[in-house]
Amino acid sequence: MRTISVKAPAKINLTLDVLGKRTDGYHEVEMIMTTVDLSDRLELTVLDTDEIRIQSEHAYVPSDHRNLAYRAADLLRKRFGITKGVEIVLDKHIPVAAGLAGGSSDAAATLRGMNELFDLGLSLEQLAELGAEVGSDVSFCVMGGTAIARGRGEKLELIPSPPPCYVVLAKPKIGVSTADVYRAVDMDQMIHPNTEAMVKAIHERDFHTICDNLGNALEAVTLEMHPEVRQIKETMLHCGADGVLMSGSGPTVFALIEHEQKAHRVYNGLKGFCPEVFVVRILGKKH
Ligand code: ATP
């Protein structure tokens, strides 16, 4: 019996802009995403039967076709005529429904893992293309590192990663549905981030200009629905964060911090009223 273990890291959005609504129901986006070292772990085992079996102890993670890892496995089996099945044991560490792409990253890790397990010989680019059929953020999660994502999130331009820093992630008790947030978007009221300035700051490795240009067009929408997100942002800034922003459609808020001591101060400031708080690093990758 063959088993392999694969890591599925979370992402944060340094910027997220919504450019308009498309005729297919999706929104046209432009966002800069980067991977951080908070990861789910997946164990994939080849089965002699033709099933896809998902195991997770997390109460809110489905174990049927609704699981994005299941969909990724199903897609590969059908597309490449794989007759054997696969068991996927999900060890979740990434908060669920948090704006950190946990499900998408599990799907991406499933694609990478099955590529190896079944000797499919596919390149990362080919896997990323397949990932787009599973979900908008899956292509980015296949590639990892830092990228500008356009279209509905699947068109990637890989860029260098920001300079090393500490990232404190804080998720309030609530979960947020990405679809609900997009439904509430008002294109006329939106505050757009300056993506170009952020890309320039990343290329110049200018940490403080990166912090000044953090921006998320969905933040105001989620803030309106969940005022506790604002409280987290204020606490982070009060404790000395260099920059703060909500990730994706939220509700997770992250702080970028240059110095370790300050990162721990921000962490301690949030632990009391936030159930899930982590200090992590950006997972740099040279493209
Ligand atoms: P994104 O940032 O891409 O919008 P998210 O971090 O907000 O994603 P997920 O953690 O991926 O959200 O979960 C959203 C929903 O998807 C969950 O409520 C859950 O029911 C479902 N889901 C499907 N597959 C998974 C998975 N492998 N892990 C977690 N949730 C999953």
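In this predicted model, the outward side of helix α6 carries E196 and K200, both of which are exposed. The helix covers residues 195-203, and its buried residues are T195, M198, V199, A201 and I202. Viewed down the axis of α6, these buried residues fall within an arc of 165°, so they line one face of the helix. E196 and K200 lie on the other side.

What do the buried residues of α6 pack against? Their partners are the strands β1 (3-21), β2 (27-47), β5 (146-150) and β6 (155-159), together with helix α7 (207-212). After α6 comes R205, which has a positive phi, near 50°.

**I202 in helix α6**

One residue of α6 can be followed in detail. I202 belongs to this helix. Is I202 buried or exposed? Its relative accessibility is 0%, and because buried means under 20%, I202 counts as buried. Setting aside neighbours within four places in sequence, I202 is in contact with L14, I32, I159, P160, S161, P162 and I210. One of these contacts, S161, is 41 residues away from I202 in sequence, yet the C-alpha atoms of the two are 7.0 Å apart in space.

**Strand pairing**

Two of the strands that α6 packs against, β5 and β6, also pair with each other. They do so in the antiparallel sense, over 5 bridges. In this pairing A147 stands opposite L158 of β6. The hairpin of β5 and β6 has 4 residues between the strands, and G151 in this hairpin takes a positive phi near 70°.

Strand β4 spans residues 85-91, and 5 of its 7 residues are buried, so the strand is largely enclosed by the rest of the structure. Which strands pair with β4? One is β2, which runs antiparallel to β4 and is joined to it over 7 bridges. Here V46 stands opposite V86 of β4. Another is β3 (residues 52-56), which runs parallel to β4 and is joined to it by 5 bridges. In that case S56 stands opposite L90 of β4. Strand β2 also appears among the elements packed against the buried residues of α6.

**Regions listed in UniProt**

UniProt, in an unreviewed entry, lists residues 67-145 as "domain: GHMP kinase N-terminal". Residues 198-274 are listed there, also in an unreviewed entry, as "domain: GHMP kinase C-terminal". The table gives the make-up of each span in the model.

| Residues | Helix | Strand | Distance between end C-alpha atoms |
|---|---|---|---|
| 67-145 | 57% | 9% | 24 Å |
| 198-274 | 55% | 14% | 29 Å |

**Aromatic rings**

How many aromatic pairs does the structure hold? The count is 0. Rings do take part in another kind of arrangement, in which a charged side chain lies over a ring. R152 lies over the face of Y26, at 5.1 Å from the ring centre. The charged end of R281 sits over the ring of Y166, at 4.2 Å from the centre of that ring.

Definitions and conventions:
Residues are numbered from 1 along each chain as its sequence is written. This is a predicted model: local features need pLDDT of at least 70, side-chain atom pairs count only at pLDDT 80 or more; totals for chains, interfaces and linings use all residues. Side-chain values use heavy atoms; hydrogens and water are left out. Rings of Phe, Tyr and Trp (its six-membered ring) pair if their centres lie within 6.5 Å; planes under 30 degrees apart count as stacked, over 60 as edge-to-face and the rest as tilted. A charge sits over a ring if NZ of Lys or CZ of Arg is within 6 Å of the ring centre and within 35 degrees of the ring normal. Buried means under 20% relative accessible area, exposed over 50%, partly exposed in between (1.4 Å probe, protein chains only). The arc is that of the directions from the helix axis to the C-beta atoms. Contact means heavy atoms within 4.5 Å. Two strands pair if DSSP finds at least two bridges between them. UniProt positions are given in the numbering used here, feature names are shortened, and annotations may be inferred rather than shown by experiment.
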